[in-house]
Amino acid sequence: MKRLKDIITWRLSLIEAALFLSFARFVVVFLPFKVWTALFNDIVEETDVGTLPQGDDYIALRKPRRLAGAVSRVAPLLPFQAVCLPQAMALYWMMRWRGYHGMKISYGTRISSQQEFQAHAWLTLDDTVLIGWHDGTFSPIASLR
């Protein structure tokens with residue numbers, strides 16, 4: 001019975017992720033930056049990248065990691081590009097809905113080896129990257145809480 005409950009919960013998380021990703025994509029494409037950033041608490045200057053979980057933190061982050069997994073699993077299946085920013089936004093809203101706090105969406109930039117400007121977004125919870133992990137080569141410039 002527990003297995004069936006887990007399967008149903010997972011599938012509902014996938015549907016929820018698809019809905020939030022669709023909303024996030026709509027917001028990013030059709031609303032000005034100043035309007036959609038109002039959906040978050042604050043814009044603050046970013047100073048750290050965040051870390052991956054260690055030891056007991058991994059157990060405490062089981063549910064947030066499952067939600068991040070649902071977002072990552074659904075994103076490539078949608079009929080539009082749901083890249084790092086909509087994924088981070090969708091996970092942020094899914095976690096807020098469940099009462100989590102202390103999350104932030106960070107923005108970073110870098111110049112690639114081909115001298116191209118690149119931007120990236122990732123979501124952290126208490127300095128643990130949940131979605132949008134990268135190798136630390138992006139310089140954080142701002143975050144949304």
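**Exercise 1. Determine whether Gln 87 is buried or exposed in this predicted model, and describe its surroundings.**

Solution.

Step 1. Gln 87 has a relative accessibility of 16%. The cut-off for a buried residue is under 20% relative accessible area. Gln 87 therefore counts as buried.

Step 2. The residue is located in helix H5, which covers residues 84–97.

Step 3. For the polar end of the side chain, a partner can be named: a polar atom of the Gln 87 side chain lies 2.7 Å from the backbone oxygen of Ala 82.

Step 4. When neighbours within four places in sequence are left aside, Gln 87 is in contact with Leu 21, Val 71, Ser 72, Ala 75, Ala 82 and Ile 131.

**Exercise 2. Classify Val 83 by its relative accessible area, and state how far it lies from Ser 72 in sequence and in space.**

Solution.

Step 1. Val 83 belongs to the loop between H4 and H5.

Step 2. Its relative accessible area is 41%. Partly exposed residues fall between the 20% and 50% cut-offs, so Val 83 is partly exposed.

Step 3. Val 83 and Ser 72 are separated by eleven residues in sequence, and their C-alpha atoms are 9.6 Å apart. Ser 72 is also one of the residues in contact with Gln 87.

**Exercise 3. Identify the strands that pair with E2, and give the number of bridges in each pairing.**

Solution.

Step 1. Strand E2 comprises residues 103–111, and seven of its nine residues are buried, which leaves the strand mostly covered.

Step 2. One partner is strand E3, residues 117–125, which pairs with E2 in the antiparallel sense over nine bridges. In this pairing, Ile 105 stands opposite Leu 123 of E3.

Step 3. Another partner is strand E5, residues 139–144, joined to E2 by five bridges and likewise antiparallel. Here Tyr 107 has Ala 142 of E5 as its bridge partner.

**Exercise 4. Examine the hairpins of E2 with E3 and of E3 with E4, and state which residues there have a positive phi.**

Solution.

Step 1. The hairpin of E2 and E3 has five residues between its strands, and Gln 115 takes a positive phi near 65 degrees. Gln 115 adopts this value although it is not a glycine. With a relative accessible area of 64%, Gln 115 is exposed.

Step 2. E3 and E4 pair in the antiparallel sense over three bridges. Leu 125 has Thr 128 as its bridge partner in E4.

Step 3. Two residues separate E3 and E4 in their hairpin, and Asp 126 in the turn has a positive phi of about 50 degrees.

Step 4. Asp 127, in the loop between E3 and E4, has a positive phi of about 65 degrees and is not a glycine. Its relative accessibility of 37% means that Asp 127 counts as partly exposed.

**Exercise 5. Locate His 134, assess whether it is buried or exposed, and find the backbone atom near its side chain.**

Solution.

Step 1. His 134 is placed in the loop between strand E4, residues 128–131, and E5.

Step 2. Because its relative accessibility is 8%, His 134 counts as buried.

Step 3. A polar atom of the His 134 side chain lies 2.9 Å from the backbone nitrogen of Gly 136.

**Exercise 6. Characterise the largest pocket by its volume, its lining and the elements that supply that lining.**

Solution.

Step 1. The largest pocket holds about 250 Å³ of space.

Step 2. Its lining consists of Lys 2, Lys 5, Asp 6, Thr 9, Trp 10, Ser 13, Lys 63, Arg 66, Leu 67 and Arg 98.

Step 3. By residue class, the lining contains six charged, two polar and two nonpolar residues.

Step 4. Helix H1 (2–30) and helix H4 (62–74) each supply at least two lining residues. H1 gives the most, with six.

**Exercise 7. Summarise the chain as a whole: its secondary structure elements, its buried fraction and the sequence range of its contacts.**

Solution.

Step 1. The chain has five helices and five strands. Along the sequence, these elements follow the pattern α-α-β-α-α-α-β-β-β-β.

Step 2. Of the 145 residues in the chain, 39% are buried.

Step 3. Consider the contacts between residues at least 6 apart in sequence: 70% of these join residues at least 24 apart. The contact of Gln 87 with Leu 21 may be read alongside this value.

Technical notes. Residues are numbered from 1 along each chain as its sequence is written. This is a predicted model: local features need pLDDT of at least 70, side-chain atom pairs count only at pLDDT 80 or more; totals for chains, interfaces and linings use all residues. Side-chain values use heavy atoms; hydrogens and water are left out. On a 1 Å grid over the protein atoms alone, a cavity is a set of points where a 1.4 Å probe fits but cannot get out, and a pocket is an open set with protein on both sides within 12 Å along at least five of seven lines; lining residues have an atom within 4 Å of a point. Grid points are joined across faces, edges and corners, and a volume is the space filled by probe spheres set on the points. Helices (H or I, at least four residues) and strands (E, at least two) are DSSP runs, numbered from the N terminus. Ala, Val, Leu, Ile, Met, Phe, Trp, Tyr, Cys and Pro count as nonpolar, Asp, Glu, Lys and Arg as charged, and the others, Gly among them, as polar. Buried means under 20% relative accessible area, exposed over 50%, partly exposed in between (1.4 Å probe, protein chains only). Two strands pair if DSSP finds at least two bridges between them. A polar contact is a pair of N or O atoms within 3.5 Å; within protein, one must be able to donate a hydrogen and the other to accept it, and residues adjacent in sequence count only if both atoms are side-chain atoms. Contact means heavy atoms within 4.5 Å.
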